[in-house]
Amino acid sequence: MSEVRQRQKSNKAGGSSNSSNNNKKPSSKAPKNARGGISILDLIRVLATLVIASCGLSYYMTSSESLLWGYRPWFTRLPVVMRFLQGPLTLTPAQLSLYNGTDPTLPLYVSVNGTIFDVSANPMVYGPGGHYNFFAGRDATRAFVTGCFQEDLTHDLTGVEEMFMPVDDPAELAALSSGERKKRREQDVRYARSRIERAVSHWQNFFRNHKRYFEVGRVVGLEVSGEGEKRELCQAARQQRPTRKQVVEALAAGKR
């Protein structure tokens with residue numbers, strides 16, 4: 001009997017130990033290296049690799065000229081940054097004339113409608129011996145509009161309206177009353193002035209948006225012809241006058 005009692009006690013002890021082992025739950029914590037996802041450091045590495053690859057490809061494709069596919073922000077150009085720090089220039093026509101390339105220590109400046117642009121990056125064109133050196137050191141807005149480089153190297157636009165005034169048929173003009181002719185004249189003058197403004201704006205934007213040129217300041221003290229004084233239009237500009245039909249077609253196209 002004593003042996004039976006001892007066996008029962010041993011069985012109970014073994015059963016309780018097994019049940020306690022079975023009640024133990026597995027740990028829910030997984031090893032750190034088993035977790036998935038991408039860290040912020042991984043994203044930074046990928047982006048840095050893409051940027052470096054793009055810059056390298058741009059450097060190769062643009063023949064070592066640019067790391068940004070031809071885009072050159074103003075703050076990456078030292079002369080532009082220096083001018084920005086120093087502030088805009090204010091020059092008189094006499095002072096502007098010094099920046100024509102005769103003094104190699106000074107930059108090359110061109111002015112259009114009173115706005116001065118630095119064109120030093122292209123000395124083969126605007127420097128001494130260049131095809132357009134006559135534009136350097138002055139405001140030659142009139143020549144930019146008319147195309148008469150020898151006669152119109154001045155800022156004075158007086159009388160340039162005639163270049164855009166339409167040529168009328170004499171018989172057609174004679175058939176109009178004085179009031180109709182006056183009204184047509186006023187319309188033609190408005191059209192001509194708008195064409196001048198468009199031409200001047202075109203050249204200002206050409207220099208302002210050029211990847212190698214930049215704006216540096218203004219010209220002050222530019223004089224214009226006295227009231228009633230008309231500057232003669234150059235021969236080449238007179239030959240460019242449009243016909244009445246051309247003006248009508250241009251106005252009709254502009255309204256579409």
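**Reading a predicted model, from a loop to a pocket**

Me: Asn113 lies in the loop between strand S2 (109-112) and strand S3 (115-118). What is the sign of phi at Asn113, and about how many degrees is it?

Reply: Bear in mind that this is a predicted model. As a general idea, most residues other than glycine have a negative phi. In this structure Asn113 has a positive phi of about 55 degrees, although it is not a glycine.

Me: Is Asn113 buried, exposed or partly exposed?

Reply: Asn113 is partly exposed, because its relative accessible area is 39%, a value that falls between the 20% limit for buried and the 50% limit for exposed.

Me: How many disulfides does the structure hold, and which residues form a disulfide?

Reply: The general idea is to look for two cysteine sulfur atoms within 2.5 Å of one another. The structure holds 1 disulfide, formed by Cys148 and Cys234, whose sulfur atoms are 1.8 Å apart. This pair links distant parts of the chain, 86 residues apart, with Cys148 in the loop between helix H6 (141-146) and helix H7 (170-174), and Cys234 in the loop between strand S4 (214-219) and helix H9 (235-238). The link is right-handed, with 70 degrees about the S-S bond, and both Cys148 and Cys234 are buried.

Me: How many residues does the largest nonpolar core have, and which have the most contacts inside it?

Reply: In soluble globular proteins, nonpolar side chains tend to be buried together. Here the largest nonpolar core has 14 residues, and those with the most contacts inside it are Val145, Val160, Met163, Phe164, Ile196 and Ala237. Helix H8 (residues 178-208) gives this core its largest share, 5 residues. Leaving aside residues up to four places away in sequence, Ile196 touches Leu157, Val160, Glu161 and Phe164. There is also a second, separate core of 13 residues, which includes Leu108, Tyr126, Phe144 and Tyr213.

Me: How many residues does H8 have, and how far does it reach?

Reply: One way to read a helix is to set its span beside the expected value, and H8, with 31 residues, reaches 45 Å from its first C-alpha to its last, close to the 45 Å expected at 1.5 Å a residue. Among the buried residues of H8 are Arg184, Asp188, Ile196 and Phe207.

Me: What is the volume of the largest pocket, and which residues line it?

Reply: A pocket can be read through its volume and its lining, and the largest one here has a volume of about 200 Å³. Its lining includes Met165, Pro166, Leu173, Arg184, Asp188 and Arg241, while H8 contributes the largest share of that lining, 4 residues.

Notes:
Residues are numbered from 1 along each chain as its sequence is written. This is a predicted model: local features need pLDDT of at least 70, side-chain atom pairs count only at pLDDT 80 or more; totals for chains, interfaces and linings use all residues. Side-chain values use heavy atoms; hydrogens and water are left out. Helices (H or I, at least four residues) and strands (E, at least two) are DSSP runs, numbered from the N terminus. Buried means under 20% relative accessible area, exposed over 50%, partly exposed in between (1.4 Å probe, protein chains only). A nonpolar core is a set of buried Ala, Val, Leu, Ile, Met, Phe, Trp, Tyr and Cys residues joined through side-chain atoms within 4.5 Å. Contact means heavy atoms within 4.5 Å. The expected span of a helix is 1.5 Å times one less than its number of residues. On a 1 Å grid over the protein atoms alone, a cavity is a set of points where a 1.4 Å probe fits but cannot get out, and a pocket is an open set with protein on both sides within 12 Å along at least five of seven lines; lining residues have an atom within 4 Å of a point. Grid points are joined across faces, edges and corners, and a volume is the space filled by probe spheres set on the points.
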